[in-house]
Amino acid sequence: MRLQYPSDINIILVPCTGKVDVLHILHAFEKGADGVYAVGCMEGDCHYNSGNLRARKRVEQAQSILETIGIGGERAQMYNLSSSEGPRFAQIAAEMDEKIRNLGPNPIKLAKKKAA
Amino acid sequence: MIVADRKPIEEIIAEIKEHEKILILGCNECVTVCEAGGKKEVGVLASALRMYFLNQGRDVKLDEITLERQCDHEYLEEIRDVIDQYDAVVSLACGVGVQFMAEKYHTMPVYPGVNTCFLGVTEKRGLWTERCQACGQCILARTGGICPVSRCAKRILNGPCGGSTQGSCEINKEISCAWQLIIDRLKALDRLDDYEQIDPIKDWSTDRAGGPRKVEREDVQQ
Amino acid sequence: MKINTPSKLEKILAAGHLAVTSECGPPRGSDPEVIVEKANLIKDHVDAINITDNQTSVTRMCSLAACIKLKLMGLEPVLQMVTRDRNRIALQSDILGAAAFDIHNVLCLSGDHQSFGDCPTGQNVHDIDSIQLIQTVRHMRDESKFLGGDDISRSPKMFVGAAANPFADPFEIRVPRLAKKIAAGVEFIQTQCIYDLDKFELWMKMAGDRGLLEKVSILAGVTPFKSVGMARYMKNRVPGIEVPDEMIKRMADTPKEKQPEEGVKICIESMQRLKEVEGVRGFHVMAIEWEEMVPEIVEKTGLYPRPSVD
């Protein structure tokens, strides 16, 4: 399968989405990411039992903070899929790409440019 | 430990918005354990605030330091050399640390980053509950090791009140009736007869009622 | 039974009569006529009238002022005092204030938690608890001393009461708790509303077996249902009240317009049965916002006319 997905998505590999912390998500935005999404295993299928569930809670926490500070909570998302779902992975990437394009660039990036 | 909870970011923003060089100061003790004011929470708050101010078009310096403790001179002294770089500190320590910071750095504005809640335990991750109100005259020997001062909504020393229902407190079914717990425990210790001893009127002068308290130990003073 | 105070309630109990008390809730305002009107509805049918103390933590006219109003009408008040709102200074002070108006009965309570009332964000006091309040009044009366140790001039002559709830949890300490109140010096008990008569009789039997019933006068608490809704509310929402299912069913099976009548009937039947329970020395009829029913209940239970003891 040679599936296409948007080329400006930077994939960071983690052993489990349970490794993803609020801080990682916030730092990504601070560095200029327009959107961040975590892709975990299907709920109930975590090799470490609850890594993906924790990730979801952390994404939600990041959403709430991003909303409060005016960046927009919907820029952070959580998805679940199984490792055999290549097409679904590509579909999610396209979906997220479109969502973020509609939202426009991360305001932090613009503010930084202005400040410089 | 001292249990604290995070303050809403908007509340912190409202307090510090006039400042330009802000130190977010964490504490590595109790508030780290209850996930309210440790290194990680400092990082999250600082990152959020940096983005907030940038987005407002403001160039605000926001640095992160987490001390071992904020309730001892030695540790608070560690920021002596850098404190002049800031015009405000947000302390994520408990109310004790915030105040000690304010005492030590007399001209530096200090803002609390957490709400200090109580003395309690980690029942499970994400659930902390109260166990002690530091009344200064421990009565746990008489109550089977369960404290009616901190765990009964009416601080009743000779309970339970008429509102105890199926082990729950009248104010909330989620809260255990302290006196039910005491009675269960006395039973487990085969000491239920002790229940009938009337607990005398308490000397509250060692509690909040007596004003600010101190423990002074000449034997360990230098 | 030795008489310790000028209380009419104490005299009636000492003379071996079944006592009848009732209660009035003070108004949420300053109009004293509300108290006068309520008292006039029941005064000929009861020996003493409790005035509640900010019941369910809802702010009302103070119990002491309303008791004074009753006293000025020539009636016998029972001053209810909760430990929720006053520390030991205020409680002792109000006891003396009540005694200054020759109010001779006090009921010592802890009070509902403030979260139920109109000031849920307020502080509570609970400097002392209800058992310690019993001790306090007895100490002031019998030793003529303040808690601080100083002498009281003209000690308060008060007949000391408390509440008891035979139905609250845990049941196993219900009788020990009564024993504790007796040891603290309580002289009369007004119980929580009794609907589960079997359980009440069991509690009384257990108290009797411990010899407690000779040491305290128990007034059985009763409250007539106005409707099946009220019966369900009492069962499900009021902490520490048990209503048997068959009683709810009996109310529910009654047409709505006949329910008040049925509620009164149940109340009277309960009282008839309670009269026969050993150790029951009287009744505390709490007709909540329904004071006008008290005379009928008292008359139909054969407790009218009330005895004279002066």
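Here are a few questions and answers about how helices and chains meet in this predicted model.

User: Are helix 4 and helix 5 of chain C parallel, perpendicular or oblique to each other?

Analyst: Let's start with the angle: the axes of helix 4 (residues 88–100) of chain C and helix 5 (residues 130–142) of chain C cross at roughly 50°. Angles under 35 degrees count as roughly parallel, and 65 to 115 as roughly perpendicular. Helix 4 and helix 5 of chain C are therefore oblique.

User: Which kind of residue, nonpolar, polar or charged, is missing from the contact of helix 4 of chain C with helix 5 of chain C?

Analyst: Have a look at who meets whom: C:Leu91, C:Gln92 and C:Ile95 in helix 4 of chain C meet C:Leu133, C:Thr136, C:Val137 and C:Met140 in helix 5 of chain C. Sorting the residues of this contact gives five nonpolar and two polar. The kind with no residue here is charged.

User: Which helix of chain C gives the most to the side that touches chain B?

Analyst: On this side, 25 residues of chain C are in contact with 22 residues of chain B. Two helices of chain C, helix 5 and helix 6 (174–184), each supply at least two residues. With five residues, the one that gives the most is helix 6.

User: Of the pairs of chains in contact, which shares the most contacts?

Analyst: We can set one pair aside, since no contact joins chain A and chain C; their closest C-alpha atoms lie 28 Å apart. Two pairs of chains are in contact, and the pair that shares the most contacts is chains B and C.

Notes
Residues are numbered from 1 along each chain as its sequence is written. Chains are lettered from A and ligands numbered from 1 in the order in which they are written. This is a predicted model: local features need pLDDT of at least 70, side-chain atom pairs count only at pLDDT 80 or more; totals for chains, interfaces and linings use all residues. Axes are lines fitted to C-alpha atoms, for helices over the stretch in contact, and angles run from 0 to 180 degrees between N-to-C directions. Helices (H or I, at least four residues) and strands (E, at least two) are DSSP runs, numbered from the N terminus. Angles under 35 degrees count as roughly parallel, over 145 as roughly antiparallel, 65 to 115 as roughly perpendicular and the rest as oblique. Two residues are in contact if their C-beta atoms, placed from the backbone, lie within 7 Å. Ala, Val, Leu, Ile, Met, Phe, Trp, Tyr, Cys and Pro count as nonpolar, Asp, Glu, Lys and Arg as charged, and the others, Gly among them, as polar.
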